[in-house]
Amino acid sequence: MADEELDPEPPAVAPPAPAGDLRALRRRGIYLLPNLFTTGVLFAGFYAVVQAMNGAYDVAAIAVFVAILLDGMDGRVARWTHTASEFGAQYDSIADMVAFGAAPALIVYIWALQDFGKAGWMAAFVHLAGAGIRLARFNVNIGVVDKRFFQGLPSPSGAAVVMGLVWVMTDFGIDPQDSPWLVGVAWLVAVFSGITMVLNVPFYSFKEFNWRRRVPLWVILAAVIAIAVISQRPALVLYLLIMSYALSGYVMWAMGRRIQSVLPED
């Protein structure tokens, strides 16, 4: 008894964690494959800005289009491999904001709008803000809107509208410094993309299209012809397709197609 009274009180030790909890802690982390694609989106957006600062505007535009391609793959890879996660969704939104919001706004400002004074950087900011609002609205409305249609122009398409102009003009050797009219066109395009991303204009999402169904043989032939046409002038042909899609929402709106605005109260 005396020995027990002389011994100091033993320090409090937390009980050992159950084996199941330890295994859960070891498994906790992020899924590699889809987040690699998302990291590629982030890198491509950053790389585009760097190239624009170095005057390589065609490379900058192509980098943004690479980001668009990767962005279309990360979500599908996550669903196909059953590796979707909340972390991946948040990371994807941040990467999209950089690649499709900040990068195009900065590039078009450096390329054409910096000599336009306050009106120039305001137009670039309209695109940036439109992309941010569009991404936030998509995140909160993802479970309540008609999946057949997007509510407003998707942010990758908005980036393509701006960067497609940069790519086409650079491809044809038209410099905003030598063509003052191009500054006005760039201003209009930047404002158009920002506003169109925010408006409740419907854009077909192509999510209902079944890519695994059988098609007639002529569809493959048409795809080959389309690839051949695009390869002749990829910048011009792709931009015509992009602008056709960007204007299609207004056509559907004029034909009476409406999307109800749904936003949470807080």
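Trainee: What makes up the surroundings of the buried residues of α10?

Mentor: In this predicted model, they pack against α4 (57-80), β1 (149-151), α7 (155-171), α8 (180-198), β2 (202-204) and α9 (217-232). The buried residues themselves are Ala235, Val237, Tyr239, Ile242, Tyr245, Ala246, Gly249 and Met252.

Trainee: How do you know that the length of α10 fits a helix with 21 residues?

Mentor: Helix α10 covers residues 234-254, and its first and last C-alpha atoms are 30 Å apart. At 1.5 Å a residue, 30 Å is expected, and the span is close to that. There is also a bend of about 30 degrees, located at leucine 247. Just after α10 comes glycine 256, with a positive phi of about 105 degrees.

Trainee: And α4: why do we say that its span agrees with its 24 residues?

Mentor: The same kind of check works there. At 1.5 Å a residue, α4 should span 34 Å, and its end C-alpha atoms lie 35 Å apart, so the two agree. Its buried residues include Tyr57, Val64, Phe65, Leu70, Asp71, Asp74 and Val77. Among the elements covering them are α3 (32-53), α5 (86-113), α7 and α10. After α4 you will find histidine 82, whose phi is positive, near 55 degrees.

Trainee: Why is leucine 165 called buried?

Mentor: Leucine 165 has a relative accessible area of 6%, and buried means under 20%; therefore leucine 165 is buried. You can look for it in helix α7.

Trainee: Which residues does leucine 165 touch, leaving out those up to four places away in sequence?

Mentor: They are Trp111, Val185, Ala186, Val189 and Tyr239. Tyr239 is one of the buried residues of α10. As for leucine 182, it is 17 residues from leucine 165 in sequence, with 9.8 Å between their C-alpha atoms.

Trainee: What makes arginine 233 and aspartate 171 a salt bridge?

Mentor: Their closest N and O atoms are 2.6 Å apart. The cut-off is 4 Å between a side-chain nitrogen of Lys or Arg and a carboxyl oxygen of Asp or Glu, so the pair qualifies. Arginine 233 sits in the loop between α9 and α10, while aspartate 171 belongs to helix α7, so the pair ties together parts that are 62 residues apart in sequence. A search of the whole structure finds one salt bridge.

Trainee: Are those two residues buried or partly exposed?

Mentor: Arginine 233 has a relative accessible area of 35%, and aspartate 171 has 36%. Partly exposed runs between the 20% limit for buried and the 50% limit for exposed, so arginine 233 is partly exposed, and so is aspartate 171.

Trainee: Why does isoleucine 220 count as partly exposed?

Mentor: Its relative accessibility is 48%, and exposed would need over 50%. Isoleucine 220 is above the buried range, too, so it counts as partly exposed. This residue of helix α9 joins Val215, Leu217 and Val224 in a nonpolar surface patch, with about 400 Å² of accessible area together.

Trainee: What does the protein chain look like as a whole?

Mentor: It has 10 helices and two strands, in the order α-α-α-α-α-α-β-α-α-β-α-α from the N terminus on. Of its 266 residues, 37% count as buried. The chain exposes about 16,400 Å², and carbon and sulfur atoms supply 68% of that area. Among contacts with a separation of 6 or more, 83% link residues 24 or more positions apart.

Terms used:
Residues are numbered from 1 along each chain as its sequence is written. This is a predicted model: local features need pLDDT of at least 70, side-chain atom pairs count only at pLDDT 80 or more; totals for chains, interfaces and linings use all residues. Side-chain values use heavy atoms; hydrogens and water are left out. Helices (H or I, at least four residues) and strands (E, at least two) are DSSP runs, numbered from the N terminus. The expected span of a helix is 1.5 Å times one less than its number of residues. The bend at a residue is the angle between axes fitted to the seven residues ending there and the seven starting there. Buried means under 20% relative accessible area, exposed over 50%, partly exposed in between (1.4 Å probe, protein chains only). Contact means heavy atoms within 4.5 Å. Patches are made of residues with over 30% relative accessible area and no salt bridge: like charges are joined within 9 Å, nonpolar side chains (Val, Leu, Ile, Met, Phe, Trp, Tyr) within 5 Å. Accessible areas come from the Shrake-Rupley method with a 1.4 Å probe; for residues, only the protein chains shown count as cover.
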